[in-house]
Amino acid sequence: MQNYDKTAVGSMPATAPDFRGNDGSLVSVLKTLLFFTLLMITLPIGLYFASKSFLFEASLGYSSNDSYFYAAIVAVLAVHVVLALFVYVAWNEGSQQWREGKQD
């Protein structure tokens, strides 16, 4: 025979904790993540093609093969800058939330 829990039919289980106070911080974190995701996609690709066409080939007169190489270096540097900015913003956002939580 199985042993069933003998609770009243109309009784409700304990309610889950209320995390509505964190919705603002969650939305803020998601907006930051979305912004840096879009920046990570668009900035290096845009800089690659713009620097290849306008800077290295048109202005400096490099050959097509050389301009590929230097434009790739510009794109890689852009990726590193975006990553560094993301880490900086995430670090400051986390420490700010930690300070606010400590004061409460």
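Visitor: Where is Ala72 found?

Guide: Ala72 is found in helix H2, where helices (H or I, at least four residues) are DSSP runs numbered from the N terminus. This is a predicted model, in which local features need pLDDT of at least 70 and side-chain atom pairs count only at pLDDT 80 or more, while totals for chains, interfaces and linings use all residues. Residues are numbered from 1 along each chain as its sequence is written, and side-chain values use heavy atoms, with hydrogens and water left out.

Visitor: Is Ala72 buried, exposed or partly exposed, and what is its relative accessible area?

Guide: Ala72 is partly exposed, with a relative accessible area of 32%; buried means under 20%, exposed means over 50%, and partly exposed lies in between, using a 1.4 Å probe and protein chains only.

Visitor: How far apart are the C-alpha atoms of Ala72 and Pro44?

Guide: The separation is 8.8 Å between the C-alpha atoms of Ala72 and Pro44, although their positions lie 28 residues apart along the chain as a sequence separation. Another such pair is Ile41 and Val79, which are 38 residues apart in sequence and 8.9 Å apart in space, C-alpha to C-alpha. Ile41 lies in helix H1, residues 23-59, and counts as partly exposed at 47% relative accessibility.

Visitor: Stepping back, how many helices and strands does the protein have?

Guide: The protein has 2 helices and 0 strands, where a strand would be a DSSP run of E with at least two residues. Of its 104 residues, 12% count as buried.

Visitor: What does the UniProt annotation "transmembrane region" cover?

Guide: According to the unreviewed UniProt entry, that annotation covers residues 29-49 and 69-91; such annotations may be inferred rather than shown by experiment. In the model, residues 29-49 are 100% helix and 0% strand, with their end C-alpha atoms 31 Å apart, and residues 69-91 are likewise 100% helix and 0% strand, with their end C-alpha atoms 33 Å apart.

Visitor: Back to single residues: which helix holds Ser51, and what does Ser51 touch?

Guide: Ser51 is found in helix H1, and, not counting residues up to four places away in sequence, Ser51 touches Phe56, Ala71 and Val74, a contact being heavy atoms within 4.5 Å. The C-alpha atoms of Ser51 and Val74 are separated by 7.6 Å, with the two residues 23 apart along the chain. Ser51 counts as buried at 7% relative accessibility, and the side chain of Ser51 reaches the backbone oxygen of Tyr48 at 3.2 Å.

Visitor: And Ser67, what does its side chain reach?

Guide: The side chain of Ser67 reaches the backbone oxygen of Ser64 at 2.8 Å. Ser67 lies in helix H2 and is buried, with a relative accessible area of 0%. Leaving out residues up to four places away in sequence, Ser67 touches Lys52, Phe56, Glu57 and Tyr62.

Visitor: What do the side chains of Glu57 and Lys52 meet in?

Guide: Glu57 and Lys52 meet in a salt bridge through their side chains, at 2.5 Å from N to O; a salt bridge is a side-chain nitrogen of Lys or Arg within 4 Å of a carboxyl oxygen of Asp or Glu. Side chains of opposite charge can pair when their charged atoms come close. Lys52 is buried, with a relative accessible area of 10%, whereas Glu57 counts as partly exposed at 28%. A search of the whole structure finds 1 salt bridge.

Visitor: How far away from Glu93 is the nearest side chain of opposite charge?

Guide: That nearest side chain is Lys31, which is 10 Å away, and Glu93 is buried yet has no salt bridge. For charge, Lys and Arg count as positive and Asp and Glu as negative, while His and the chain ends are not counted.

Visitor: Which side chains make polar contacts with Glu93, then?

Guide: The side chain of Glu93, a residue of helix H2, residues 64-103, is joined to that of Ser28 by a polar contact of 3.4 Å, and makes another with the side chain of Thr32, at 3.4 Å. A polar contact is a pair of N or O atoms within 3.5 Å; within protein, one must be able to donate a hydrogen and the other to accept it, and residues adjacent in sequence count only if both atoms are side-chain atoms.
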